[in-house]
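Trainee: Could you walk me through reading this model, one feature at a time?
Mentor: Happily; have the viewer open and we will begin with the cysteines.

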2 protein chains.
Amino acid sequence: MTAEARPAAPPLTERQEARRRSILQAGAQLAGRGGFEAVQMREVADAAGVALGTLYRYFPSKVHLLVALMQDQLQHLHASLRRRPTAGDDAAERVAATLMLAFRALQREPHLADAMVRALTFADRGVSPEVDAVSRLTTAIVLDAMGVEDPTQEQLSVVRVIEHTWHSALITWLSGRESIAQVKGDIETVCGLIDLPADTRR
Amino acid sequence: MTAEARPAAPPLTERQEARRRSILQAGAQLAGRGGFEAVQMREVADAAGVALGTLYRYFPSKVHLLVALMQDQLQHLHASLRRRPTAGDDAAERVAATLMLAFRALQREPHLADAMVRALTFADRGVSPEVDAVSRLTTAIVLDAMGVEDPTQEQLSVVRVIEHTWHSALITWLSGRESIAQVKGDIETVCGLIDLPADTRR
DNA sequence: AACGAGTCTGAAACTTGTTCTAGATTAGCG
DNA sequence: CGCTAATCTAGAACAAGTTTCAGACTCGTT
């Protein structure tokens with residue numbers, strides 16, 4: 001039973017912040033080689049110059065670590081998109097273009113993508129808060145691309161479906177069962193939901 | 001392009017068929033309790049009355065076993081749906097109703113669902129052929145519900161998106177981040193793609 | 001500067017998926 | 001029936017995620 005409490009993150013000292021970053025970087029490096037399986041906790045600890053127990057104090061499991069990595073990347077992406085939003089005539093186009101941008105970034109480091117995405121979908125209830133943070137970030141990115149401030153329930157459902165498609169299409173691509181072109185097609189297809197008149201719903 | 005070595009399944013003898021079923025049943029039983037984590041290979045072997053090595057001869061990994069389980073269940077569902085197809089006025093309604101039927105079945109055994117779905121999305125390239133079989137089955141079920149014999153490329157893409165949403169929504173529900181009602185909404189939303197005029201595409 | 005709480009280290013231990021091995025059993029076949 | 005190859009069994013062994021523990025260290029406080 002891995003029941004646990006998250007009693008409001010204690011503020012980290014500088015050295016601790018540095019350790020955390022060092023661990024994340026070590027994780028990213030190992031993930032960048034062999035993907036999910038290549039991220040071995042002992043090696044991460046070694047590469048980060050930290051004891052195994054310390055690694056586990058910062059990230060209570062391998063999945064936590066990799067989800068944190070994804071959160072990191074998404075924050076960078078989000079910031080970068082805020083600075084220079086994707087262009088496009090309508091919302092659907094902009095969202096599709098934004099996701100394809102992210103997809104191209106993942107293609108540059110397929111192993112890293114493997115580690116992060118597999119961790120994300122494999123995560124169990126014990127990682128829910130962290131996965132939720134990732135999900136909120138993704139939602140924010142998509143809503144930004146849509147140009148929506150105050151989404152309706154319908155819009156939120158559409159965004160959820162887009163995120164579902166996004167994650168699952170990545171998984172399918174990573175396991176070699178779907179081509180890059182197909183993923184692109186899926187993204188464009190699902191984005192067709194965005195400007196859909198609401199009479200098909202409910 | 002699923003390159004791999006599957007030298008045409010050797011025909012199983014009766015005893016072997018029985019062993020296989022026994023293993024699957026043991027797996028289902030254990031999964032029915034604690035989900036993915038509760039399916040421990042030693043326990044499966046014990047419960048199935050088979051040596052560990054034999055279990056691994058039949059299913060080369062835990063994920064293989066659980067994916068085979070899902071394939072089993074889907075075959076039953078498919079057969080049952082062939083006998084009595086889901087009613088509904090248009091394709092979108094029928095597909096949504098069919099998926100909700102399956103969803104309700106999964107809700108009756110959430111732990112089993114957890115084991116099967118997590119295995120499915122966690123599967124790596126080594127399990128691709130098996131996962132692909134599951135995917136083909138799901139596609140067949142959805143196409144049946146749509147009433148389509150010879151799908152176009154567009155329709156196939158829509159079906160893929162529906163499957164993506166289906167899997168990912170299940171994952172999200174299983175990890176407690178999305179409610180049953182939300183999953184229902186997501187399914188209905190994505191099914192809105194089915195009767196969409198093709199001018200939003202490409 | 002000394003103290004005490006919390007943190008970090010190094011190493012061992014434990015768990016569960018997976019592999020390996022030597023010997024028994026079974027199946028198909030002449 | 002007797003042979004041979006394949007299969008099965010019991011059990012040890014290995015790999016990697018996770019836990020645990022005793023002792024060293026750090027930081028904020030006094």
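Mentor: A disulfide is a pair of cysteine sulfur atoms within 2.5 Å. Before we apply that, note that this is a predicted model, in which local features need pLDDT of at least 70, side-chain atom pairs count only at pLDDT 80 or more, and totals for chains, interfaces and linings use all residues. Residues are numbered from 1 along each chain as its sequence is written, chains are lettered from A and ligands numbered from 1 in the order in which they are written, and side-chain values use heavy atoms, with hydrogens and water left out.

Trainee: How many disulfides does the structure hold over all chains?
Mentor: Zero. A:Cys191 is in no disulfide, and the nearest cysteine sulfur belongs to B:Cys191.

Trainee: Why is there no bond from B:Cys191 to A:Cys191?
Mentor: Because the two sulfurs are 17 Å apart, which is too far for a bond.

Trainee: Is B:Cys191 buried or exposed?
Mentor: Here is the general idea: buried means under 20% relative accessible area, exposed over 50%, and partly exposed in between, with a 1.4 Å probe and protein chains only. B:Cys191 counts as buried at 2% relative accessibility. A:Cys191 is buried too, with a relative accessible area of 2%.

Trainee: How should I read a helix, say α8 of chain B?
Mentor: Helices (H or I, at least four residues) and strands (E, at least two) are DSSP runs, numbered from the N terminus. The expected span of a helix is 1.5 Å times one less than its number of residues. Helix α8 of chain B covers residues 153-174, 22 residues in total. From first C-alpha to last it reaches 31 Å, close to the expected 32 Å. Since 17 of those 22 residues are buried, α8(B) is largely enclosed by the rest of the structure. Just after α8(B), B:Gly176 takes a positive phi of about 75 degrees.

Trainee: And what about the DNA? Which residues come nearest to strand C?
Mentor: A residue is near a molecule or strand if one of its heavy atoms lies within 4 Å of it. Of the 18 residues around DNA strand C, A:Arg19, A:Thr54, A:Tyr58, B:Arg15 and B:Arg42 come nearest. Of the strand C atoms within 4 Å of the protein, 61% belong to sugar and phosphate.

Trainee: Which polar contacts should I look for there?
Mentor: A polar contact is a pair of N or O atoms within 3.5 Å; within protein, one must be able to donate a hydrogen and the other to accept it, and residues adjacent in sequence count only if both atoms are side-chain atoms. A backbone N or O atom of A:Ala51 sits 3.0 Å from a phosphate oxygen of strand C. For the side chain of A:Arg57, the distance from an N or O atom to a phosphate oxygen of strand C is 3.3 Å. A polar backbone atom of B:Val39 is 3.2 Å from a phosphate oxygen of this strand.

Trainee: Which element gives the largest share of the surface near strand C?
Mentor: That is α3(A), with three residues.

Trainee: What do we find around strand D?
Mentor: 18 residues surround DNA strand D, and the closest are A:Arg42, B:Arg19, B:Thr54, B:Arg57 and B:Tyr58. In the side chain of B:Thr54, an N or O atom is 2.5 Å from a phosphate oxygen of strand D. For B:Tyr58, a polar side-chain atom lies 2.8 Å from a phosphate oxygen of strand D. α3(B) gives the most to the surface near strand D, with three residues.
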